[in-house]
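Here are a few short exercises to work through with the model open beside you. Try each one before reading its solution.

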Amino acid sequence: MECQECHKRPATIHLTQVIHGKKMQINVCEECAKLKGYFTYPEEAYTLHNLLTGLFNFDSPKMESGTNNTPIQHRNDLQCPTCELTFSQFKRSGKFGCATCYDAFSSQLDPILRRVHSGNTKHAGKIPKRKGGNLHLKKQMEDYRNQLKTLIEEEAFEQAAKVRDQIKALDAQIREEEAGDDK
Amino acid sequence: MTLKDFMNEAISPWMRENGPDSDIVLSSRIRLARNFADAVFPTVATEEELEEIKAFFKSSYDQQSFDDYQDLEFISIQDLSTIERRVLVEKHLISPLLAKNTQAGATLISSNEQVSVMVNEEDHIRIQLYYPGLQLAKALKKAFAFDDWLETKVNYAFDETKGYLTSCPTNVGTGMRASVMMHLPALALTKQLNRMIPAINQLGLVVRGIYGEGSEALGNLFQISNQITLGKSEEDIISDLQGVVQQLIEHERHARERLMQQSPTKLADRIYRSLGVLEYSRIMESKEAANCLSDVRLGIDLDMIKNISCTILHELMVLTQPGFLQHYAQKALTANERDVLRATLIRERLQLEK
Ligand SMILES: [Zn+2]
Ligand SMILES: [Zn+2]
């Protein structure tokens, strides 16, 4: 595929942009992408560059140029029911269209996430207050248990006893909430 | 506009304060990416959908206050001139991407400019919070509190295993990018930094110049940030970052001491020459200005130059960017005109110190 701007160099960057409510596919070479300002934010450029050169290495660029410029619509291409983004489109742009995309593409996602996040696929951080339910409490419990372990290792028994009381109280709270949910 | 008024406008109040290790660390930043659960991401949304989000932000948060962040001002990007947009980018309050997104882009900025929210950038919501010096843990705590406050009115896109869902898979999980802005003149001068970068990358952290393009870092200002957002808690991410930053601080201090011991005259010559250039030049390109400012800041830190405030580097780096120069002139300027105005502003700014 040749670059749609200069018509000289091969298009190595494929982006989906929304212009006046219409999705447009942009296929340009790296020089024209820079020139046209498709990415000028250093942080963005960095991640995009990464995604486009290697991390997402599913289709080799050679194979793509050998298909006579006709993009193959895979018969088994996954599609998001909410935003209608296809998995092939996602691979090209490197960007999801909505929260449901994560579910729609879940069968293909872990290898990508592993590559981007040093082998990790599971969130281990903050939980929204609203959605969390008792997830919050469970995370708090984990934190307390870790604290307790460290305190015991450090032989800070007085503080450890305090943390143990907190664990007991929290445990009761979790049980109460879970019983409440069953009703 | 007098230079003093202009500077007051140009320099965010928090930038004037000194934080821990502020001889080397200029600022700490936490950025959190968030999205609405029930709206498609800005990457595919129509203008109407984005307008709805924008309107929600205006009606829900304009002129609201939370904690230290008073009178959040809602600004629609399309209401700003090109130069005004550029000024916000140069103050690091919005990204160049948002500045270009004129239709649906908006921002909320607190009066002390310590916190800003970008609306309809790549994600619906991007919270940015700054602290002077090395204060990652404090910045994180504040960013979390602010996030909780925003969340009282928003249902965030979140998945139990994948965490906060973002447009780009590089942000999913915590949605957090923590970064530290460092002035590393001695490590750059002795060419040690380039050798350290691969090892830093191995730890899932990225080093890049803040000003300038490619590998060249104007003013020896570098940003160190986390790359991984999934599989580690925010606290662990910042403690890893903090560890590397502390090592870099030690190396930089050591390299400065060595320079002072091994070639004190050469170093002093370089620093005073740069001061002379800043004080007397009539035409100055941004690269020359950045290098001289970096030298002078080093001179201040090494106690060679007295009576000049140490915030001068940060201040003048921002103040002499193209957007700010044109904002000061109140008109568009050619590159040559900018170089003349840059030299003038720097001279006048140094006069203020006397
Ligand atoms: Zn081209
Ligand atoms: Zn979707």
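## Exercise 1: a residue and its neighbours

Leaving aside residues up to four places away in sequence, B:Asp295 touches B:Arg270, B:Ile271 and B:Ser274. Keep in mind that this is a predicted model.

**Task.** Work out which helix holds B:Asp295, and decide whether B:Asp295 is buried or exposed.

**Solution.**
- Step 1: look along chain B for helix α10, residues 286-301; B:Asp295 is found there.
- Step 2: take the relative accessible area of B:Asp295, which is 7%.
- Step 3: the cut-off for buried is under 20%, so B:Asp295 is buried.

## Exercise 2: two helices that cross

**Task.** How do helices α9 and α13 of chain B lie relative to each other, and which residues meet where they touch?

**Solution.**
- Step 1: find α9(B) at residues 264-280 and α13(B) at residues 335-352; their axes come within 7 Å.
- Step 2: the axes cross at roughly 105°. Angles of 65 to 115 degrees count as roughly perpendicular, and that's therefore how α9(B) and α13(B) lie.
- Step 3: pick out the contact residues. From α9(B) come B:Leu278, B:Glu279 and B:Tyr280, and they meet B:Ile346, B:Arg347 and B:Leu350 of α13(B).
- Step 4: sort that contact by class, and you get four nonpolar residues, two charged ones and no polar ones.

## Exercise 3: one face of a helix

**Task.** Where do the buried residues of helix α6 of chain A fall when you look down its axis?

**Solution.**
- Step 1: go to residues 106-116 of chain A and mark A:Leu109, A:Ile112, A:Leu113 and A:Val116, which are buried.
- Step 2: remember that an α-helix has 3.6 residues a turn, so residues three or four places apart point the same way.
- Step 3: down the axis of α6(A), the buried residues fall within an arc of 100°, so they line one face of the helix.
- Step 4: go just past the end of α6(A), and you'll meet A:Ser118, with a positive phi of about 50°.

## Exercise 4: an enclosed strand

**Task.** Why is strand β10 of chain B largely enclosed, and which strands pair with it?

**Solution.**
- Step 1: count the buried residues in β10(B), residues 221-226: six of the six, so the rest of the structure largely encloses this strand.
- Step 2: check both faces. B:Leu221, B:Gln223 and B:Ser225 are buried on one side, as are B:Phe222, B:Ile224 and B:Asn226 on the other.
- Step 3: follow strand β8 (residues 176-183) of chain B, which runs antiparallel to β10(B) and is joined to it by five bridges. Here B:Val180 stands opposite B:Ile224.
- Step 4: turn to strand β9 (residues 205-209) of chain B, which pairs with β10(B) over five bridges, in the antiparallel sense. B:Arg208 stands opposite B:Gln223.

How values were computed: Residues numbered from 1 in each chain as written. Chains lettered and ligands numbered in written order. Predicted model: local features only at pLDDT ≥ 70, side-chain atom pairs only at ≥ 80, totals over all residues. Heavy atoms only, no water. Axes fitted to C-alpha atoms, helices over the stretch in contact; angles between N-to-C directions. Helix = DSSP H or I, 4+ residues; strand = E, 2+ residues; numbered from the N terminus. Parallel < 35°, antiparallel > 145°, perpendicular 65-115°, else oblique. Contact = heavy atoms within 4.5 Å. Nonpolar A, V, L, I, M, F, W, Y, C, P; charged D, E, K, R; others polar. Buried < 20%, exposed > 50% of the residue type's maximum accessible area, 1.4 Å probe, protein only. Arc of directions from axis to C-beta. Pairing = 2+ DSSP bridges.
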